[in-house]
Amino acid sequence: VPRNIAFIVVNEFCERFSYYGMKAVLILYFLYFLHWNEDTSTSIYHAFSSLCYFTPILGAAIADSWLGKFKTIIYLSLVYVLGHVIKSLGALPILGGQVVHTVLSLVGLSLIALGTGGIKPCVAAFGGDQFEEKHAEERTRYFSVFYLSINAGSLISTFITPMLRGDVQCFGEDCYALAFGVPGLLMVIALVVFAMGSKIYNKPPPEGNIVAQVFKCIWFAISNRFKNRSGDIPKRQHWLDWAAEKYPKQLIMDVKALTRVLFLYIPLPMFWALLDQQGSRWTLQAIRMNGNLGFFVLQPDQMQVLNPLLVLIFIPLFDFVIYRLVSKCGINFSSLRKMAVGMILACLAFAVAAAVEIKINEMTPAQPGPQEVFLQVLNLADDEVKVTVVGNENDSLLIESIKSFQKTPQYSKLHLKTKSQNFHFHLKYHNLSLYTEHSVQEMNWYSLVIREDGNSISSMMVKDTESKTTNGMTTVRFVNTLHKGVNISLSKDTSLNVGEDYGVSAYRTVQRGEYPAVHCRTEDKNFSLNLGLLDFGAAYLFVITNNTNQGLQAWKTEDIPANKMSIAWQLPQYALVTAGEVMFSVTGLEFSYSQAPSSMKSVLQAAWLLTIAVGNIIVLVVAQFSGLVQWAEFILFSCLLLVICLIFSIMGYYYVPVKTEDMQGPGDKQISHIQGNMINLETKKTKL
């Protein structure tokens, strides 16, 4: 094996690390840093993915007709690094506001898409160029190692970058700048390693752009056929034969073979539309699940690690075990059948994802609708208080007795007559009766906090968190009953100030975990509070009290319960979709290569990547315009792919595969027995 291959494989490993690492945290960056909603985040994520698969055509064109592969890789890698730098700057909270961050992010992502897409078709092929024809076997091994390095880079980075984002705090929040910066650094390493081998590479000159030639040939055939429409001109056997006046016979034959394969590509984008949602919709689903697996706590964006991990397990499993068993049973498991089965597995994966989504929805607390509010009462007085809520027409909407520091099991739902309304509260404490009123607005959560006021009590109405599903983030806030303001340090960079005498703090998001000793200080003393476990998706309210016996304490209630559904429930859908990918993607590439003439391999590669780009556009359109709830959207994708799978099966049934010995070049001695140089086709139908 040539030494220079080592440089290329290491380069590919670093490049894939930088791409997948950045992409793993991208959807959460849109959601929490740029504060876009879920649909916009999903759309931009897939627009970016799509762009990454459109640009290879540009990269291939530059390399083939102008700069050659080596220079193309070098120049576009520089663009790539620049994109990473701009993207990381856009994740620094201290640099400008929302608009600056958004502009920097979009510019950075566009440059990354140009870089990664542009070098994608060049790197693998450039590696192939390092082998002479007599080393064909080593070349095959190189492609396997190359594919392994892609998955290894993707595997390690999808595991590490979410840790850089979540476990490191910078500027008081998740460290997206670091999660984007480290992949950027790896891209710099990739570029340096690749450039180091410059002296020993075999650099073939650019050969001319075959993609452009194919397009010209097809265009000429169509326009020529159109010009010669009249009835007295003899018909030709195939519509591409109309290009014979201008183009050589061999090219026309190659293009014919190519168009037959491209026709089969028409249904493929739908599969990619499903596969590529692992980083968007499935990560958004993982946010609402509990990542505690007992022995390890997973961040929601780390779940994507399953895909490359399972690919590495499934490829040998399918090749050496499953396919062999199937052929032992005497079943002809052709490439097209494998692809169809891959599609069905992806359908099943989305059906499972929809079931998980429905289950999560059942477990999340209900939301107040129009003309409704949810109310809970927190009694911070030293004895029981009886609370009666009176509506506008003196009707009692709610009556309950609440003991001192009693944890209320859930919110009570109250109906309003209008969008906002005043409620009258009647409070009974010892032998005192108090009347007070508070105004509320529809579709909100409120806490009525009752506190001691000398010998009497008073109440205040506090509006709770905007959205009761905190999107998987853990949020806390404090009520301070002391007569001095308290400063609370939740982590190195996150601190809160709570005013004296029942001051209420804002909500702060914190990392999930145990908080046994949180450092607090008032103007004259330091103390620590035990907050216990703060779990995924929960919102907590802590009341800081000074108890004569136990000293300063934090009394804890859950405004929103933690996510109950374990993230492990996503395992089946990941296993199904990855098995589908191995059967579909690996087989599809192999099949295309076997069916296309050797001069058309690069055109086919470009077309294959284009189907992925179109798949991402499908997701973008559905996310923006379907307006469906999430589980229904999953079901929609599953059904769409099922329909496409049926169409693909029918197309496959009528497709006649080409035998390898029929792929003859003009220099071959044998001339097939059909007139001219027609490809001798096998006329058996491949039944699905």
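Let us start at tyrosine 502, which is buried, with a relative accessible area of 13%. The model you are looking at is a predicted one. Tyrosine 502 sits in the loop between β13 and β14. Its backbone has a positive phi of about 65°, although tyrosine 502 is not a glycine. That is worth a second look, because most residues other than glycine have a negative phi.

Aspartate 501 lies in the loop between β13 (495–498) and β14 (503–504). Aspartate 501 also has a positive phi, of about 50°, and is not a glycine either. Is aspartate 501 buried or partly exposed? At 38% relative accessibility, aspartate 501 counts as partly exposed.

**Domains and cores**

Now step back to the whole protein. The domain assignment gives domain 1 (1–207), domain 2 (268–365 + 564–655), domain 3 (367–464) and domain 4 (468–560). Notice that domain 2 is written as two stretches of the chain. The C-alpha centres of domain 1 and domain 3 lie 56 Å apart.

What lies between domain 1 and domain 2? The largest nonpolar core, with 132 residues, has Ile8, Phe48, Met343 and Met600 as the members with the most contacts inside it. The largest share of this core, 13 residues, comes from α13. Both domain 1 and domain 2 give residues to this core, so it lies between them.

Methionine 343 is a good residue to click on. Leaving aside residues up to four places away in sequence, methionine 343 touches Pro267, Leu268, Phe271, Phe584, Leu641, Ile644, Cys645 and Phe648. There is also a second, separate core of 23 residues, and Leu490, Leu496, Tyr515 and Tyr540 are among them.

**A covered helix**

Helix α9 runs over residues 249–265. At 1.5 Å a residue, its 17 residues should span 24 Å, and the end C-alpha atoms are 25 Å apart, which agrees. Helix α9 is mostly covered, with 12 of its 17 residues buried. Among them are Leu251, Val255, Leu258 and Tyr265. Which helices help to cover the buried residues of α9? They include α8 (210–227), α10 (269–275), α13 (335–363), α14 (571–595), α15 (601–625) and α16 (630–653).

**Rings and their partners**

The count of aromatic pairs comes to 38. One of these is formed by phenylalanine 478 and phenylalanine 542, which are stacked at 5.4 Å centre to centre with 25° between the planes. Phenylalanine 478 lies in strand β11 (residues 474–480) and phenylalanine 542 in strand β20 (residues 539–547), so the pair ties together parts that are 64 residues apart in sequence. Both of these phenylalanines, 478 and 542, are buried. Elsewhere, ring pairs link Tyr29, Phe30, Phe33, Trp36, Tyr176 and Phe180 into a cluster.

Lysines can also lie over the face of a ring, as listed here:

| Lysine | Ring below | Distance from ring centre |
|---|---|---|
| Lysine 120 | Tyrosine 19 | 5.5 Å |
| Lysine 556 | Tyrosine 540 | 4.9 Å |

**A cysteine to finish**

Cysteine 170 is found in strand β1 (residues 169–170). With a relative accessible area of 15%, cysteine 170 is buried. Not counting residues up to four places away in sequence, cysteine 170 touches Cys175 and Asp493. Alanine 568 is 398 residues from cysteine 170 along the chain, and their C-alpha atoms are separated by 29 Å.

Technical notes:
Residues numbered from 1 in each chain as written. Predicted model: local features only at pLDDT ≥ 70, side-chain atom pairs only at ≥ 80, totals over all residues. Heavy atoms only, no water. Phe/Tyr/Trp six-rings, centres within 6.5 Å; stacked < 30°, edge-to-face > 60°. Helix = DSSP H or I, 4+ residues; strand = E, 2+ residues; numbered from the N terminus. Buried < 20%, exposed > 50% of the residue type's maximum accessible area, 1.4 Å probe, protein only. Lys NZ or Arg CZ within 6 Å of the ring centre and 35° of its normal. Contact = heavy atoms within 4.5 Å. Domains from an automatic or database assignment. Expected span 1.5 Å × (residues − 1). Core = buried A, V, L, I, M, F, W, Y, C linked by side-chain atoms within 4.5 Å.
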